[in-house]
Every structure is written in C-alpha cells, then in structure tokens.
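Here is a friendly walk through one helix and two pockets. Have the sequence and the 3D view open as you read.

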Amino acid sequence: MTLVVEDLQTQFPTRAGLIRAVDGVSLQVGPGEILGLVGESGSGKSITGFSILGLIDPPGRIAGGRVLFQGRDLVGLPEEELRRLRGARIAMVFQDPMMTLNPVLRIDTQMIEAVLAHEDAGREAARARARDALARVGIPSPDERLLAYPHQFSGGMRQRVAIAIALLHKPQLIIADEPTTALDVTIQGQILFEMRKLARESGTALIWISHDLAVVSGLADRIAVMYAGRIVESGPARAVLAAPLHPYTRGLLDSLPRGAGRGQRLVAIPGMAPSLGRLPPGCAFAPRCSRATAACEAMPALAEAGADRAVRCIHPLGDAA
C-alpha cells in the first residue's frame, strides 16, 4: 500500500473545549488507486488531508495514530524530513489555486523553483519539465503560458497549473482537496478525466476530497464517507453508491438534484451537522437520523459488512429499523 492511516486523531484545544476534528480515522490507498473522501463541510475531510502531510499548526496537534507512507510513519517526523517529502513524493492540490501560486511571480519561475527545491537539475531541464507538465494537464501553448502571471489565467487554468506543479516530481501520492469545486462543469470534467488518467498511467495513489458524491462517483475506485470527524462508511465506489449502508450516505445521495420538476422540493438531510465541540453521546448522526433509537446513544464501531465494506451504524440500511 502507498498509504495506510491507522486510528488518526487530530485535536484542537479551544476555550470552549477540545475539538476532535479527526477522531480515529483509518484508511488506505494503493498505487494507481483513487479514494474518494466525502462528507459535508466540517466533517473533517480537509483536516485529515492536512494531518497526513503534517500541516497542522499549533495549538492543533496529532494526538494519536499512525500515517504510514510506503511503510514509513510520518507522525512525529522532523519538519525538515517532512519538507523533503512534500512536493516530491507527496503532493497536495488545494481548493483555491492561489494558495499554491504566488501572484507576483511568473509561472515559469514558480515551477522551476519547485523542481530545483527537490532536485539538483539545471534550469533548462527544469523548464522543460515544467513545460511538459503544463502540456500534460491540457494547457495550450505551454511555452508561452510559462511566461504568464497567475492573474492572466482563468480559474480553471490556474487550477490546471496547480495540478501541473503537483505532477512535477511524479509523486507516489496526491491529495486533492476539492480542487474543482469552483470550476464550471466542462472544465471540471476535463480535470477529472486527466486525474483519472494520471492515476492509471503512472501508478500514483490519489485521495480526492469532496462534498459532492456526483463528482466522486465518476472518479473514485473506493469511497470513504466522513461525518463529525469519523468515517461512517467505506467500500468500493459502485457498491456504496448503489446500496449505501449508512443512513447518512443515503441522505447525501438523496440530496443530489435529480431533475425534480418545477415547484418540487429537493430532498435534504434534516437538521445541521453538529459542532465538533458539542457532539451528542454515541452516534453523532442520531439527532438527524430517522432510524435512531435509544441504542444509538452508545458509540457504534466501524464494523465489517462484507465485500470489502464497513459501516459505523447500529441500524444499517437493509436491517429492520
């Protein structure tokens, strides 16, 4: 496996109490595999990605668990060693490409410096690699575009540049944090196609973080659904989407627009996601769940459900309520 995360716990102390943003998350992704990590805003998806890369700023901290990248535990590694891994062997694509791009530097400067930061290569060789990376993500006239500044690109093109920078060193793992959320459907489809092609051709493991199951359904091999800092369901993408076991996963699928007629209400999950500082006892989804009973006041374990599937629910779908 390229990445194995075991019982990861990330916490943030606040005046209101301890925030368990990631609470016992375990997942894995192999070479060439795409894992979709999905859930509502605030479910802990992005913090999971940041935790894997060691990007949690104090007073936040990783309180427990292991992050095994090609067998090596990244938790507790010195910052200098983590810095050598980031960008070279593990890359991250952020939701906002301007978190990656410096607005006052040309694209060629930024990409060449990214190459030289990790390798002893000449500037011409670095430029050639940057040009090839831009072409790979579908940017036309890459030689000319290298001379442009970020503000001269559209939002979709900037995101392609950010992805190209992530590809410069042919990393073994890419974590993509909702990189297509702000893009139009056409550009989104093109980027999804390119990322899927990348994983298949280069053997790069990909974690795609998203709140949109419609996007993940056409991309991921496996899906892990997060709620309130915990994984509540996981399994092969087709199986999870065709027959979800957790009521929360069912709610996410039902809330997708499906061509409802004029004046018809869209389906929504009742209530709001709970504050991570004031979680209810037991199952955090119970206050919003139509299947909840008194038994849900006890914390359910993430239990195997056959065919490489797991669910954290006392009353999974398919059982008698």
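## Helix 3 and its neighbours

Which helices do the buried residues of helix 3 pack against? In this predicted model, their partners are helix 4 (123-136), helix 5 (142-145) and helix 6 (155-167).

Helix 3 itself covers residues 107-116. Its buried residues are Ile-107, Asp-108, Gln-110, Met-111, Ile-112 and Val-115. A reminder may help when you look at that list: an α-helix has 3.6 residues a turn, so residues three or four places apart point the same way.

## The largest pocket

Next, turn to the largest pocket, which holds about 470 Å³ of space. It is lined by 20 residues, and those closest to its centre are Gly-87, Met-92, Thr-100, Ala-114 and Ile-165. Helix 3 appears again here: along with strand 6 (90-93) and helix 6, it gives two or more residues to the lining.

What is the make-up of this lining by class? It has 12 nonpolar residues, 5 polar and 3 charged.

## The second largest pocket

The second largest pocket has a volume of about 290 Å³. Among its 15 lining residues, Ser-26, Arg-222, Ser-234, Leu-302 and Ala-310 are the closest to the centre. Strands supply this lining with two or more residues each: strand 2 (17-29), strand 9 (222-227), strand 10 (230-236) and strand 11 (303-304).

By class, the lining of the second largest pocket divides into 7 nonpolar, 4 polar and 4 charged residues.

Definitions and conventions
Residues numbered from 1 in each chain as written. Predicted model: local features only at pLDDT ≥ 70, side-chain atom pairs only at ≥ 80, totals over all residues. Heavy atoms only, no water. Buried < 20%, exposed > 50% of the residue type's maximum accessible area, 1.4 Å probe, protein only. Helix = DSSP H or I, 4+ residues; strand = E, 2+ residues; numbered from the N terminus. Contact = heavy atoms within 4.5 Å. 1 Å grid on protein atoms, 1.4 Å probe; cavity = no way out; pocket = protein on both sides within 12 Å on 5 of 7 lines; lining within 4 Å. Points joined across faces, edges and corners; volume = space filled by probe spheres on them. Nonpolar A, V, L, I, M, F, W, Y, C, P; charged D, E, K, R; others polar.
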